[in-house]
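Welcome to this set of short exercises! Take a look at the model first, then try each task before you read its solution.

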Amino acid sequence: MNSSLTLDAVLEVGSVAESVTVQERPVAIETESAAIGNSRYEVQLKNLPVIVREIQTLVGQTAGVPAGSTDVVGGTFNQGGRSAMQVTADGAQVNPFQTTGWPAIDGIDRRADLNIPSIDAIAEVRFTSSGGNAEYVEPTQVIVASKAGTNDLHGSVFEFYRSGGMGARRWESPNRQSFVRHQFGGALGGPVRKDKTFFFGSADIFRHSAGLALNARYPTAAERTGDLSSYLLRTDAQGRPAPVTPLDPLNNAQPFPGNMIPVSRISPVSLELLKSIPAAPLPGRVSDFNAAYFKPQLDNSEKYDLRVDHNFSQRDKIFAKAVIAHLDQASRYSGNVPGPMGATTKNQWNHVLSTNYTRILDPSTIAVLQFTYRNMPFQNIPSLGDTRFPVPIKDLAPEPPFAGPPAIAVGSNAVGIGPLFDRLLFNYSSDYNYTVDPTLSRIIGNHSFKAGFTWLWGVKTTELASPPYGRFTTASDFNNARSTTSATGDAFADFLLGYPSTTDVTIGERGGFHEKRNWSLFLQDDWKVNPRLTLNFGLRYDNFGLFEERNGRAAVGDFASGKVMIPTGSAPLIHPVFQPFASSFIEASDAGVPNTFIKPNAYDFVPRLGAAYRLRSDLVLRGGFGIYNVDYTINEFRNSINVAPFIRRAQLSRSLLISQRVDVNRIYTFQNPTADSSAAGADTQLTTLDGFFPGYPTMKTYSWNATVEKDLARQFGFRVTYAGNLGRNLSRTVRVNACPPGPTECLARAANDPDRRQWTNFSINMGQRAGDGTSNYHGFEAELTRRFSSGLFFNVNYSYARVFRLDPSASDPVTNPKSHYDYGPVPAQPPHIFHWNYVYELPFGRGKRFVAAGLASWILGNWEISGLGTWQSGAALTITSPNGQTPTGAGGNRADRIADGRLDQSGRSRGEKAFRWFDTAAFRQPDFLDAGARRPTRRFGASANGVLYGPRFLTYDMTVQKVVPVSEKYRLQLRVELFNPFNVPMLGNPDTNVTSSNFGRIRTSNSAYTPRNVQLGARLDF
């Protein structure tokens, strides 16, 4: 495959005059490796029904992997709580620094694998869930090998079409989804210069359009001018008169005469925003809807692949690979107005560029040098972001593409006018890295050695905590002259006058530039002791760099000193509003740590061991053990940037400013959202910072497996595997400034109380990344595979696995931070998972077993069917009680369990199950420790983690296709793909909050479930 990767491959070494090739050789069983997993070859990639033609679905057919997710694989985790997974494409890792295990971005009903080659450009995908050798850093790997050109010109063009009208509605929805989707493109590969230079390229274009029709309550023409006389006609739910009279905040809270706000008093900000709102008639009842509006939802993305291979000689070869993807979505809407207002657009270009140079030094030695550049930016661009708002707003001067009007949500009020100007979604991130990977492979006797080095440098930036154009809200507090939340008592009247209830404005240098450097070494020896026994020895060293903000604008809580830790030398960068708190800061060098805030880990050497013994030609015993270092993701460091004391996030409110004796009715307005740059609440920003345990360790996974594998002949292979792992040093938040359990809420305890929080200048929410989490996984797998032969392929696998871990947040962080109370099953890993997938060319037609000639041969011949499906048991459910009522104030609580709670689901209808999934009478809210205490707390609930299980899940998709030979070189494939052809609805999980009015009820379907839908496809191969 001309890459630095070896995927079920055979290395053939000859004389210097001969070429060294790596060729795919599918075998029924694995005989020389400890790795557990499987490969997906072209016949599966090309024929199986994949709803958006991306490989994540096929990877999810691996034993032990839950349907629709690769977040938990083999019970492994990284710092983001996702599977510790390494995804490489042609030797280039495409998911470093990622917040998720899979290198993807959410789209509309899809995940966009923007850094991975398109399905038509992939030759093979290898997935390893356990037993990877020393070459790989993470305990699970997805290894993608792309297609290369040959001396013959080959290619394809395709088109797939779906629409909502061809499908069914979701179980909980009254209507079918309205959308139209096209996915089209093609591939072409061949020679540039015969036997010398080859190319292979592909294009995959995705076009999805849908509509969202919603109702709204717009202000009428009279209301837009301040005439609120209709408010006097308001009635309550029973039809009784309930008039609303807005009060004038500049006239001693007296009513506006006749409910008329003078036009001269209407805020210039509001007048400008009202230009985007169409006038609407007065509804029959003042609070009714009076308008309907339509929002288009678009997902226009595309991906292009190009690979060029060149043979300088039989000794020297090189290939260069590029994956370029464009994402253009308008898929998130919050505002209740037509047109662009309230929309957010994702617009970005992704690039993965890699080159691989291979040199045959002698008949037994190969040197490879790989270089990779990966760029995965991310932008959520708000509506009207390229337009500067014409009304000046104090302390705000946003620049395109993040300009435009402020995001204003008009709160619930008398006439039902809602969030007219909500444009809250905002984000911007640069994410790129450079990697160099030289490797050397050498055969000495019966030993196959491979050694390598990896150097990586990268940057991950995060934009402001809140948008530069500001977020404002207004609120209602009907006819209340002493309201601290509303200026007039009515949210829309507040809007007209330009009085916010709350504002969220960020002031300071935008962005945080986190960078890190990694370097690693590995040595792998595969020793074929004799024809029966192969031993695998590996040693790996990882030096994971820690993210550091390059400009020194980062801060964390230091739990040794009770101060805010900042990088050494960054004191001059502190925002002026925080200068009065200078005594609360400590520089990193004074705390004994570098500017990463964590002492580096320099001794991460880990072994990899494996053995395979062939008892006879068709029976193999395999097993392995390895320790894996898991790299840090940006999740661990994200909360240390765009924070105080370098960024002033002014989260103000009328009530806060009134407590500071600010004249809110004169200076706290839409045009002055910071109340003359008020410092109110600045001290609060310094109280909630996260921090690190100074000796924060590298997360490790201890992984092992034992396998019996048998060749059943006729291309069948069967394996049985026991796999296990232990996760250590997992990321956990331990709120070390919380309180010991007690009857009184933590924040209410006096400063002289011996059970108060340790640092009274910090909030109880100030958490420490402790790196003390643990997990424990044990799994049994059985898999039967028939390699593609005589027109038939299938794979079926079953797994029974349990994975337990400590909750990511400690319930009792002061007295028992690793309490067994927090230990329980991981919901994302169902115990039972059964997958199946198949491809079958029906035995009819020319050259086949039946009906080999005549017209019937043409009609019945060249039909193929394929399909894939999953059945899995339900997810573990934990019954919770409301947040903030634990004895420590450190987080959520659980319910008391007074009976079993499980119901026999046999014989119950789907509606009965949805209405009451479990016995709700078996759970109750915990009692107060002391109901008479001031601000009392409840005791810890007695119910354990994961005491119940949610609904089971079943999915099945199939394809029926006809291959029409157009000529000797051209073959037309016509296909119908049926997703969930029997339209079996799958229930989601029930509400598990014991105080909820919907406790025990299921209100939505499973997010991985797709109602029946038909996709039509055509493909021409040549």
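A residue is called buried under 20% relative accessible area, exposed over 50%, and partly exposed in between (1.4 Å probe, protein chains only). This is a predicted model, in which local features need pLDDT of at least 70, side-chain atom pairs count only at pLDDT 80 or more, and totals for chains, interfaces and linings use all residues. Residues are numbered from 1 along each chain as its sequence is written, and side-chain values use heavy atoms, with hydrogens and water left out.

**Exercise 1. Place P673 and decide whether it is buried or exposed.**

Step 1: Locate the residue. P673 sits in the loop between α7 (664–667) and α8 (682–685). Helices (H or I, at least four residues) and strands (E, at least two) are DSSP runs, numbered from the N terminus.

Step 2: Apply the cut-off. The relative accessible area of P673 is 0%, so this residue is buried.

Step 3: Look at its surroundings. Contact means heavy atoms within 4.5 Å. Leaving aside neighbours within four places in sequence, P673 touches I393, K394, L396, F472, T503, V505, L652 and Y668.

Step 4: Compare sequence and space. P673 and L619 are 54 residues apart in sequence, yet their C-alpha atoms are 74 Å apart.

**Exercise 2. Do the same for E42: where does it lie, and what does it contact?**

Step 1: E42 belongs to helix α1 (residues 42–47).

Step 2: Its relative accessibility is 39%, so E42 counts as partly exposed.

Step 3: Beyond neighbours within four places in sequence, E42 is in contact with A123 and K147. The C-alpha atoms of E42 and K147 are 9.8 Å apart, although 105 residues separate them along the chain.

**Exercise 3. Describe two aromatic pairs by distance and angle.**

Step 1: Recall the rule. A pair of aromatic rings is described by the distance of the centres and the angle of the planes. Rings of Phe, Tyr and Trp (its six-membered ring) pair if their centres lie within 6.5 Å; planes under 30 degrees apart count as stacked, over 60 as edge-to-face and the rest as tilted.

Step 2: Start from the total, which is 25 aromatic pairs in the structure. One of them joins Y632 and F637, with 6.3 Å between the centres and 85° between the planes, and this pair is edge-to-face. Both Y632 and F637 are buried.

Step 3: Now take Y821 and F940. Their ring centres are 5.3 Å apart and their planes are at 50°, so the pair is tilted. Y821 lies in the loop between β41 (792–806) and β42 (823–825), and F940 in the loop between β49 (923–924) and β50 (948–949), so the pair ties together parts that are 119 residues apart in sequence. Y821 is partly exposed at 22% relative accessible area, and F940 is partly exposed at 22%.

Step 4: Widen the view. Y632 and F637 belong to one aromatic cluster with F544, F547, F692 and Y696.

**Exercise 4. Which lysine lies over the face of F547, and which over the face of W858?**

Step 1: A charge sits over a ring if NZ of Lys or CZ of Arg is within 6 Å of the ring centre and within 35 degrees of the ring normal.

Step 2: K516 lies over the face of F547, at 5.2 Å from the ring centre. K962 lies over the face of W858, at 5.3 Å from the ring centre.

**Exercise 5. Which element gives the largest share of the largest nonpolar core?**

Step 1: A nonpolar core is a set of buried Ala, Val, Leu, Ile, Met, Phe, Trp, Tyr and Cys residues joined through side-chain atoms within 4.5 Å.

Step 2: The largest core has 34 residues, and Y218, V269, F492, F495 and L496 have the most contacts inside it.

Step 3: At least two residues of this core come from each of α4 (268–274), β15 (291–311), β20 (407–410) and α5 (491–497). The largest share is that of α5, with six residues.

Step 4: A second, separate core of 26 residues includes L48, L58, M85 and A89.

**Exercise 6. Find two unusual backbone spots.**

Step 1: P400 and P401 are joined by a cis peptide bond, with omega about 5°. P401 lies in the loop between β19 (378–382) and β20.

Step 2: D395 is not a glycine, yet its phi is positive, about 70°. D395 also lies in the loop between β19 and β20.
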